[in-house]
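Colleague: Hey, I'm new to this one. Can you pull it up and walk me through it?

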Amino acid sequence: MKIVNKIEDLVTPSKHHKFFRDDSFERLTWEDVIDNLDRTISEDLHYKSRDNYGIVTHDTRDILKIYPVLNKIKETLPGVEITTHLYASLTSVSKTFGKHNDVIDVVIWQCIGVTNWTIYDDQTFHYKLRPGEFLYIPKEMYHDTTPETPRASVSFGIEHFRNEVFDWK
């Protein structure tokens, strides 16, 4: 695990996960989350739900507070396609997707509440991700989440690396 001091270092490709804290970005509120859920459901947009009110929305364009983080990532990785998803657990017992890996690099931004993370890097790491904290998880690295409290986080999928060979540092 590597602790980095700026978002540019967070999104630089790596074979290992990274942790970052930045309180300068205005975080989402529950009102932002509910408005996004309302629009997603009323417009019949794509979302996934899990037991006990765990929800992922795939269209976050209406959440303006995401854009400063998204734009900073895009400045650091010009020409890279970035996808965003909103993860909300409305209860502390909301189900998530269990232990899994992704085919793209992912940056997680914790906005509301506390999420317990397990990252399976060279060894197993455990985190309590709190508002303002970020994790970078390289593609194919296994990880697992459980909400400790009702929570909301945003994932930024770095799509550029899906079809490219990259010389990771």
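Modeller: Here is a quick tour, starting with salt bridges and ending at the surface. Keep in mind that this is a predicted model.

Colleague: Sure. How many salt bridges are there?

Modeller: The count comes to 12.

Colleague: Why would side chains pair like that?

Modeller: Side chains of opposite charge can pair when their charged atoms come close.

Colleague: Got an example? What does Arg21 pair with?

Modeller: Arg21 forms a salt bridge with Glu133, and their closest N and O atoms are 3.3 Å apart. The pair links distant parts of the chain: Arg21 sits in strand S2 (residues 18-21) and Glu133 in strand S9 (residues 133-137), 112 residues apart.

Colleague: And is Glu133 buried or exposed?

Modeller: Glu133 counts as buried, because its relative accessibility is 11%. Arg21 is at 40%, so Arg21 counts as partly exposed.

Colleague: Which residues are linked in a network of salt bridges?

Modeller: That would be Arg39, Glu43, Asp59, Arg61 and Asp62. Within it, Arg39 and Asp59 form a salt bridge with closest N and O atoms 3.0 Å apart. Arg39 belongs to helix H2 (residues 30-42), while Asp59 is in the loop between S4 and helix H3 (67-76), 20 residues apart.

Colleague: Are those two buried or exposed?

Modeller: Both Arg39 and Asp59 are buried. Asp59 also forms a salt bridge with Arg61, at 3.1 Å between the closest N and O atoms. Arg61 counts as exposed, because its relative accessibility is 53%.

Colleague: Changing topic: what does the side chain of His85 make a polar contact with?

Modeller: With the side chain of His58, at 3.0 Å. His85 lies in strand S5 (residues 82-89), and its relative accessibility is 18%, so His85 counts as buried.

Colleague: OK, sheets now. What's the order in the open sheet of 3 strands?

Modeller: The order is S8-S7-S10, with antiparallel pairing. Strand S8 (124-129) and strand S10 (143-147) are the edge strands, each pairing on one side only. On average, neighbouring strands in this sheet are turned by 15° against each other, direction ignored.

Colleague: How many bridges do S7 and S8 pair over?

Modeller: Strand S7 (residues 115-120) pairs with S8 over 6 bridges. Trp117, for one, has Tyr127 in S8 as its bridge partner.

Colleague: Last bit, the outside. Which residues make the nonpolar surface patch?

Modeller: Trp30, Tyr53 and Leu90 make a nonpolar patch of about 310 Å². Tyr53 is in the loop between strand S3 (47-50) and strand S4 (54-57). Tyr53 counts as exposed because its relative accessibility is 57%, and the cut-off for exposed is over 50%.

Note on methods
Residues numbered from 1 in each chain as written. Predicted model: local features only at pLDDT ≥ 70, side-chain atom pairs only at ≥ 80, totals over all residues. Heavy atoms only, no water. Patch = residues over 30% accessible without salt bridge, like charges linked within 9 Å, V, L, I, M, F, W, Y side chains within 5 Å. Areas by Shrake-Rupley, 256 points an atom, 1.4 Å probe, with all protein chains shown as cover. Salt bridge = Lys/Arg side-chain N within 4 Å of Asp/Glu carboxyl O. Helix = DSSP H or I, 4+ residues; strand = E, 2+ residues; numbered from the N terminus. Buried < 20%, exposed > 50% of the residue type's maximum accessible area, 1.4 Å probe, protein only. Pairing = 2+ DSSP bridges. Axes fitted to C-alpha atoms, helices over the stretch in contact; angles between N-to-C directions. Polar contact = N/O pair within 3.5 Å; in protein donor to acceptor, adjacent residues only side chain to side chain.
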